[in-house]
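I sat down with this one to look up a few contacts and ring pairs. My notes are below, in the order I checked things.

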Amino acid sequence: MKEPVTTDYSSPQPPLQLRERLKDYGQEDVFAFWDELSPEERLLLVQDIQSVDLPRIDRIVRCSFRSRGIPAAPVELLPESTVSTVEKRTMEERERWWKTGVKAISNGKLGVLLLSGGQGTRLGSSEPKGCFNIGLPSGKSLFQLQAERILCIERLAAQSVNEGSVSSTPIHWYIMTSPFTDEPTRKFFESHKYFGLEADQVTFFQQGTIPCVSRDGRFIMETPFKVAKSPDGNGGIYSALKSSRLLEDMAARGIKYLDCYGVDNALVRVADPTFLGYFIEKGVAAAAKVVRKAYPQEKVGVFVRRGKGGPVSVVEYSELDPSLASAINQETGRLRFCWSNVCLHMFTLDFLNQVADGLEKDSVYHLAEKNIPSIHGHVNGYKLEQFIFDAFPYAPSTALFEVPREEEFAPVKNANGSNFDTPDSARLLVLRLHTRWVVAAGGFLTHSVPLYATGVEVSPLCSYAGENLEAICRGRTFHAPCEIGY
């Protein structure tokens, strides 16, 4: 029987084999404070280094640094055929897509992927963003609103296909957390009994972390015995799905399509049958919901084509030349580059497998220059991230689906008191939309404050997108603000 290898952490020298490996990758400086560490701290340092996949991280750092000097292909307009616009969409198309989507959902073909690795730091909270209560009359968190939309769609799908029966395949919800949000997210779901969902239809998994590096590519030390690391961006979902074997799990469940979105949108239509039906009918590998860019300086990425006949890609607002950002389409009078990325995506499972392999093979990450806490105080260095939209250039075919901003995009990114994307602004967008639903269904409102500052909230358990409200609302008067419950 082989004897276990033991390391003497009282030795004046770090473990030789590990030291040699680090030297191979130019990272031997992580042992610079070995002499000053206690045996316990030396053990922590060794364990921390052993948790890093050195060949992979070295490849990522080298490829990412090298890619900085390569000029990107010029930005081109997308062909009109790529985008389904609201104004050109017919009622017949909407109904057809809804039915196609509902059928696929009832047959268990759709899974839902939630990007939930971020904390609510900018909102003044240390909790995961999804736990945040934006101040609706119901007091529901973002997680609860999204869970209840899934429950509503499950019920609509079951009723539509089975003529009143309430049995169909549940929608499986895959939730990507980070090392900072994983445990509190799980506990939040458990304490709220999964918001009415079955515990076994929710799967949590963690995105990875990557060492922060200096301008010459060396690891930054957070403490003398710990490498500074940061989450690998929301695009870390692709490698995380692969490494956790969840792509196989999806295939085993019969899932063919994945609806993927970010947690910080109070109006997100999770598992939208219309979008899914459009996606299936187009037969593409990837799709995205888009809203029209509001003004040239709006801080949103836009969809473009990279090079003549090149792939569909997203260009970040900071990377788009100001003259292009403000260029006007002379025929329509609108911005030429107008299709904003709002992190509402649809992918085939086959494509997710391909893109996980492609991104890993190319190993190009975005270098975000940041002030990074270290043993020398805050130092300038890089966090390495991938973004969810990095997948699009790998797609053999992509379609975009315009949605009205006021119906599907209420971002929650900044604390109240900021100029935009606050809990207050998101709450008002929800209340205004739901007020329009209630009035359209024959209801009336009374209010003691101006209507522009209030409204009613319709529980997602009552209605997914304004449907089926006549029986509840017609002829009734509601005093705003209030919740209309199930």
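These entries cover a helix pair, some aromatic rings and one strand residue.

Entry 1, helix packing. I kept in mind that this is a predicted model. I looked at helix H4 (residues 91-106) against helix H9 (residues 273-282) and got an angle of about 95 degrees, with the axes 6 Å apart. That makes the two helices roughly perpendicular, because angles of 65 to 115 degrees count as such. On the H4 side I noted residues including Arg94, Trp97, Trp98 and Ile105, and on the H9 side residues including Pro273, Leu276, Tyr278 and Glu281. I split the residues of this contact into 9 nonpolar, 4 polar and 3 charged.

Entry 2, rings. I found 19 aromatic pairs in the structure. For Trp97 and Tyr278, I got ring centres 5.1 Å apart and planes at 75 degrees, so I wrote the pair down as edge-to-face. Trp97 is in H4 and Tyr278 in H9, so this pair ties together parts 181 residues apart in sequence. Both residues, Trp97 and Tyr278, are buried. Phe347 and Phe351 have centres 5.9 Å apart and planes at 45 degrees, so that pair is tilted; both are buried too. I also picked out one aromatic cluster, with Phe143, Trp173 and Phe204 among its members.

Entry 3, charges over rings. I have Arg89 over the face of Phe401, 3.8 Å from the ring centre, and Arg68 over the face of Phe65 at 4.6 Å.

Entry 4, Met221. Where does Met221 sit? I found Met221 in strand E7 (residues 221-223), and it is buried, at 8% relative accessible area. Its contacts beyond four places in sequence include Val30, Leu45, Ser374 and Ile375. His376 is 155 residues from Met221 in sequence, yet their C-alpha atoms are 8.6 Å apart.

Conventions. Residues are numbered from 1 along each chain as its sequence is written. This is a predicted model: local features need pLDDT of at least 70, side-chain atom pairs count only at pLDDT 80 or more; totals for chains, interfaces and linings use all residues. Side-chain values use heavy atoms; hydrogens and water are left out. Axes are lines fitted to C-alpha atoms, for helices over the stretch in contact, and angles run from 0 to 180 degrees between N-to-C directions. Angles under 35 degrees count as roughly parallel, over 145 as roughly antiparallel, 65 to 115 as roughly perpendicular and the rest as oblique. Contact means heavy atoms within 4.5 Å. Ala, Val, Leu, Ile, Met, Phe, Trp, Tyr, Cys and Pro count as nonpolar, Asp, Glu, Lys and Arg as charged, and the others, Gly among them, as polar. Buried means under 20% relative accessible area, exposed over 50%, partly exposed in between (1.4 Å probe, protein chains only). Rings of Phe, Tyr and Trp (its six-membered ring) pair if their centres lie within 6.5 Å; planes under 30 degrees apart count as stacked, over 60 as edge-to-face and the rest as tilted. A charge sits over a ring if NZ of Lys or CZ of Arg is within 6 Å of the ring centre and within 35 degrees of the ring normal.
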